[in-house]
Amino acid sequence: MARRSRFTRRSKTRAEYKWKRMPWIVKQAMIRSLREQAEYINDLQRQAVQEDTGDLKSSIGWRPTRGVKGSHGLAITIFAKRRHARYVEFGTNPHPDGNIYGSQAYPFFFPPYRMNRKKIRNRITRAQRRAIKRFLASA
């Protein structure tokens, strides 16, 4: 006889099942930690960007990502609003005619994230564990 799955028809994935059963306090702690880490990355990006007029530096930000299936509010988007951010980050090639020179790349956006990816993941996990322990101790 086959064993019945404990997942309902509506919650198909294990992550969705866990999210539905997770206490509200733990969810809020995870969301708060994610937002703190987004601010941390933004601060590092603002420090890394070359400041000419300051418009690129002031355009760096983050927002919660809505509508991502299965994210449950735990997805964020980090962005730079200025259009020329990609040219600063990756540089440009010179024009084939030779009339317009290319620009050198000054990476400011991805390196802070890549260097701190593990640290950020650990901080979020630690906040989640701390919230779970706090919840279990109060229950």
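**Close-up views of two salt bridges and helix α2**

**View 1. Asp43 and Arg46, one helical turn apart in α2.** Both residues belong to helix α2 (residues 24-48) and sit three residues apart, about one turn of the helix; helices here are DSSP runs of H or I with at least four residues, strands are runs of E with at least two, and both are numbered from the N terminus. This is a predicted model, in which local features need pLDDT of at least 70, side-chain atom pairs count only at pLDDT 80 or more, and totals for chains, interfaces and linings use all residues. Residues are numbered from 1 along each chain as its sequence is written, and side-chain values use heavy atoms, leaving out hydrogens and water.

The side chains of Asp43 and Arg46 form a salt bridge at 3.3 Å, N to O (a Lys or Arg side-chain nitrogen within 4 Å of an Asp or Glu carboxyl oxygen). An α-helix has 3.6 residues a turn, so residues three or four places apart point the same way. Asp43 is partly exposed at 38% relative accessible area, and Arg46 is partly exposed at 22% (buried is under 20%, exposed over 50%, partly exposed in between, with a 1.4 Å probe and protein chains only).

**View 2. Arg82 and Asp55, a salt bridge between distant parts of the chain.** Here the N to O distance is 3.6 Å. Arg82 lies in the loop between β2 (76-80) and α4 (85-90), while Asp55 is in helix α3 (residues 55-59), 27 residues apart. Arg82 is partly exposed, at 37%, and so is Asp55, at 28%. The count of salt bridges comes to two.

**View 3. The buried residues of α2.** Among them are Val26, Met30, Ile31, Leu34 and Ile41.
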